[in-house]
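Colleague: I would like to learn how to read a few features of a model. Please take them one at a time.

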Amino acid sequence: MQSRMNNIVAVLPKVMTAMQSLQAAAQEHGLPEKTAHLVHLRASQINGCGFCVDLHPRIMKKAGETDRRILSVAAWREAPFYTDAERAALALTEALTRIADREEPVPDTIWNEAARHYDEKALAALVVEIASINVWNRFNVATRQVAGEWNP
């Protein structure tokens, strides 16, 4: 396998700075790190981003996440390893990642369940985390970044 081009952030370094700033701003507002990691992995699975599906479990493992939780993210509805708050975050992730797949992209039931578990700042941070991983996925999928190239 070969990528179509160098990684966008290597070609346009200011994009890396901007993306890092966006994620740093989100990380300051009460969203648990483990939740952000779950969100990153689930969106990447949906988007078929091999680069991120390879990268994020490694990051999660270093952060102390269990194999069971990492391996079950794609089937989170059927796996008992997630809290109600994490389930709400994963449901919101799926809705925001698949915004063109339904008439009402983010139904009130999904939004309200997330809002029940996260205060306004943490909820805003969650939306930013979901949006940012979707941007990363689009960079990587468009340019066909190869899984594992980040860690030779």
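The dialogue below goes through a pocket, a residue in its lining, a surface patch and a backbone angle.

Modeller: Keep in mind that this is a predicted model.

Colleague: What volume does the largest pocket have, and which residues are closest to its centre?

Modeller: The volume of the largest pocket is about 490 Å³. Its lining has 21 residues, and Q23, H40, H56, I59 and W136 are the closest to the centre.

Colleague: Which helices each supply at least two residues of that lining?

Modeller: Helices α2, α3 (33-47), α4 (50-62) and α8 each do so.

Colleague: Is Q23 buried or exposed?

Modeller: A residue is called buried under 20% relative accessible area. Q23 has 14% relative accessibility, so Q23 counts as buried. Q23 belongs to helix α2, which spans residues 13-27. Beyond its neighbours within four places in sequence, Q23 contacts H40, E129, S132 and W136. Two of these names, H40 and W136, also appear among the residues closest to the pocket centre.

Colleague: Which residues form the nonpolar patch on the surface?

Modeller: M5, V11 and L12 form the patch, and together they have about 260 Å² of accessible area. M5 lies in the segment before α1 (8-11). With a relative accessible area of 37%, M5 is partly exposed, because that class runs between 20% and 50%.

Colleague: What is the sign of phi in R144?

Modeller: Most residues other than glycine have a negative phi. R144 has a positive value, near 55°. R144 is placed in the segment after α8 (120-143).

Definitions and conventions:
Residues numbered from 1 in each chain as written. Predicted model: local features only at pLDDT ≥ 70, side-chain atom pairs only at ≥ 80, totals over all residues. Heavy atoms only, no water. Patch = residues over 30% accessible without salt bridge, like charges linked within 9 Å, V, L, I, M, F, W, Y side chains within 5 Å. Areas by Shrake-Rupley, 256 points an atom, 1.4 Å probe, with all protein chains shown as cover. Salt bridge = Lys/Arg side-chain N within 4 Å of Asp/Glu carboxyl O. Helix = DSSP H or I, 4+ residues; strand = E, 2+ residues; numbered from the N terminus. Buried < 20%, exposed > 50% of the residue type's maximum accessible area, 1.4 Å probe, protein only. Contact = heavy atoms within 4.5 Å. 1 Å grid on protein atoms, 1.4 Å probe; cavity = no way out; pocket = protein on both sides within 12 Å on 5 of 7 lines; lining within 4 Å. Points joined across faces, edges and corners; volume = space filled by probe spheres on them.
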